[in-house]
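Biologist: Before we discuss particular contacts, could you explain the reasoning behind each label you apply? I should like to see every value set against its criterion.

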Amino acid sequence: MAVRASVSRFPIDPDVQEDSGLPWGITVTPFASKDENGNPPAYGSDGHLLPRCENCWAYFNTCCELDQWAWTCSLCGTLNGLSSECIEKYSRSQSCPEMASSFIDLELPVEESEEPTEARPVYVAAVDLSSSEEFLELTKSALLAALEALGPGSLFGLATFSHKIGLYDVQGPVPVVKNVFIPPDSEDRLPLELEDVMPLLQFLAPVETCKDRIASALETLRPTTSWERSTAAGQGLDGVLMGGRGFGVAMESLFNYLGPEYGSTFALARVFAFLSGPPDYGAGQLDTRRYGEQYASRGEDADRALLPEQTPFYKELAAVAVQAGVCVDIFAVTNEYTDLASLKFLSIESGGSLFLYTSTEDSTLPQDMYRMLIRPYAFGCIMRLRTSSEFRQGHSYGHFSLDPQYENVQRIICCDSYATFAYDFEFANTVGFSRHTSEPPVLQIAFRYTVVVPPQELADSSKGSGNRSSYSLKRRLRIRTLQYTAAQNMNEVYDSVDPEVVLSLLVHKVIIASLEQGVREGRMLLHDWLVILTAQYNDVYRLIQPKNGSSVNAQVDVAFSQCPQLQTLPHLIFALLRNPLLRFHEEGVHPDYRIYLQCLFSALEPSSLHRAVYPRLISYSTPDKQAYPRHSLSRAALITSGSPIFFLDAFTTLIVFYSSTADPSLPFPPPHDCLLRSTINKLKQDRSITPKLLFIRGGQEDASAFENYLIEEQDVDGSGLTSNMGFVSFLEDITQGVLEYLK
């Protein structure tokens, strides 16, 4: 569990917090195997016996004061008695994880009512047949990669959808498909349940015995013809196709199909939805005409019109998925408007992912699919943050659903080791923290989760006994308790800033602002934030004082030269304003791509988000020798460095660029056994998604893919390239804003 705070020395009271101009909060990556410093937790058992505070329900931890018969809670100060078992246990403290470490992971007993008879992981692929041959070829490749990643004992089901839903039985000698037609009207539902079309256990096939038959079934997938669809829809108009992608009904009926078996056949089901365009048939169909409307001519904000969902259908359907224990991953392979703004809830609220690929040609879908399934994940997770009494949780951000019963409790259906969440804090009163160090700020994060233990691990632990294909559930409790210090003055606050966490919190706030009030409002919020921070910093360091008749303008320090921790922030804010996340519709940013970025950015851990917003540019003198580890993103940096090879890491894209003046004898592309290649391979291995890798020779090939990332000479409000625009003029604009603010 990695936890990072925006300031490691907390503001001492609400006035200091307000005056600092900084967001105050943390990011949490709960299922990360180590903490932010690379230390693993102390493992143990009997998590249900861990003492809890009678007042605030916090767990006993290393920050608590322990007497022979009692302990004092480090969060609320309550004195709690100890049971005789705990007194006995804590007398030999070296054997207790909770006495040895503030980061612990304890096994919990699985309650009888929770134990599924067979906790086998279930995976269902739902494939869009209202598509092209290329789309289906890519989907087949992705599913073949998925079959390689799935462990023995997993159950797999193949379903298709168009104007009908197809269910495949692959357990016999020949794959058999049974179809049920979807009613075209958006108010109607399926005439019969899928269980009546094919019993669920006939549909879900064991992967280890049926892998070849599943592959054979995939080979039979063909796109539905326009004749088939228009005849079925009864609305073919002179051969013009009017719909045929009944995605909404297909998802709803699959959830109802799987739901009754939740907790008996399976503990978690994952549905992979492969979509080649917008749902346009039956319940849940979306009207995509809103994309083509001329908003500018009507004086409307296109982004405000296109970012909210147009129907609550998919948000309500996500709640059905959560109830049925189903996690949905959406893979949209399309360059037409699909209205991901409406569809996204299905994935983000069920703990799944949303992927967007604009073409089938260079898509990384098979690699993403394999990578997603090979990494460990927890499910049925519950997360709760508790704080000491002087402060409390404000907002929480991330892909979770809020617990309907308990306040400040987040439920996460499926959580991998990359999934990151954020919280911001506020003071509980006007007093703030004590100026004496006897009561430091403390926070505790409890994360209860379940993992499926594969058969081979069970066989190892029970010396080979037991059924080879039976999975077992392990319920665990992971707890992290952190003690911070309160800053005695503003300089201490500024010196303890983590700019990557500040960026994470700002991105969450800006996404919410742009969804509620439009992209323009989100941009203004970010710009004004930097103006206020710069003004407060200049005030704290007393930098603006008219003297010797010199202009105040010349004295505004927009580069934060007195405080190294803040120096990257202007670059990050400039880059965020240049990012498609906050660029305007008129600049050619597709609304679906913006939604994809919102979903991606709001789940990234801070270092990855930093890469995605402000890419890293490294120079090499040869493929085996690094020249300089970090350059600013400008053409001037390229020219002055004089290096022949540049490597750009933009998180989703990796580019190796050979300058036009590079020695022709340098091998291109770089050989597989060189330092540059091993750097690339390590980065690809550590990523949550598969980055695209491009090799470009300057002067011989189109270098625009690389040059577009050199943002510091680009205008912040458009893509105009002029000599005195870009980052320099952005800083001048901030300076003017500071002077206005200080008037």
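Modeller: A charge is said to sit over a ring if NZ of Lys or CZ of Arg is within 6 Å of the ring centre and within 35 degrees of the ring normal. Please keep in mind that this is a predicted model.

Biologist: What makes Arg270 a residue that lies over the face of Tyr377?

Modeller: Arg270 is 4.9 Å from the ring centre of Tyr377 and lies over its face. The distance criterion is within 6 Å, so the contact qualifies. A second case is Arg520, whose charged end sits over the ring of Phe584, 4.3 Å from its centre.

Biologist: Why is the pair of Phe272 and Phe331 called edge-to-face?

Modeller: Rings pair if their centres lie within 6.5 Å, and planes over 60 degrees apart count as edge-to-face. For Phe272 and Phe331 the values are 6.4 Å centre to centre and 65° between the planes, so both conditions are met. The whole structure holds 35 aromatic pairs.

Biologist: What does the pair of Phe272 and Phe331 tie together?

Modeller: Phe272 belongs to strand β14 (residues 269-275) and Phe331 to strand β15 (residues 326-333), so the pair ties together parts that are 59 residues apart in sequence. Phe272 and Phe331 are both buried, a label that requires under 20% relative accessible area.

Biologist: Which residues do ring pairs link into a cluster?

Modeller: The cluster comprises Phe10, Trp24, Phe391, Phe425, Phe427, Phe433 and Tyr484.

Biologist: How do you know that β5 and β6 are paired?

Modeller: Two strands pair if there are at least two bridges between them. Here 2 bridges join β5 to strand β6 (residues 70-72), so the criterion is satisfied, and the two run antiparallel. Glu65 has Thr72 as its bridge partner in β6.

Biologist: Why do β5 and β7 stand at the edges of their sheet?

Modeller: The open sheet has 3 strands in the order β5-β6-β7, with antiparallel pairing. β5 (65-66) and β7 (79-81) each have a single partner strand, so one side of each is left without a neighbour in the sheet.

Biologist: What lines the largest cavity, and how is its lining divided?

Modeller: The search finds 5 cavities of 30 Å³ or more, and about 490 Å³ of space lies in the largest cavity. Of the 29 residues that line the largest cavity, those closest to its centre are Gly352, Ser353, Arg375, Asp416 and Ala603. The lining divides into 17 nonpolar, 7 polar and 5 charged residues. The largest share, 4 residues, comes from β20.

Notes: Residues are numbered from 1 along each chain as its sequence is written. This is a predicted model: local features need pLDDT of at least 70, side-chain atom pairs count only at pLDDT 80 or more; totals for chains, interfaces and linings use all residues. Side-chain values use heavy atoms; hydrogens and water are left out. Rings of Phe, Tyr and Trp (its six-membered ring) pair if their centres lie within 6.5 Å; planes under 30 degrees apart count as stacked, over 60 as edge-to-face and the rest as tilted. Buried means under 20% relative accessible area, exposed over 50%, partly exposed in between (1.4 Å probe, protein chains only). On a 1 Å grid over the protein atoms alone, a cavity is a set of points where a 1.4 Å probe fits but cannot get out, and a pocket is an open set with protein on both sides within 12 Å along at least five of seven lines; lining residues have an atom within 4 Å of a point. Grid points are joined across faces, edges and corners, and a volume is the space filled by probe spheres set on the points. Ala, Val, Leu, Ile, Met, Phe, Trp, Tyr, Cys and Pro count as nonpolar, Asp, Glu, Lys and Arg as charged, and the others, Gly among them, as polar.
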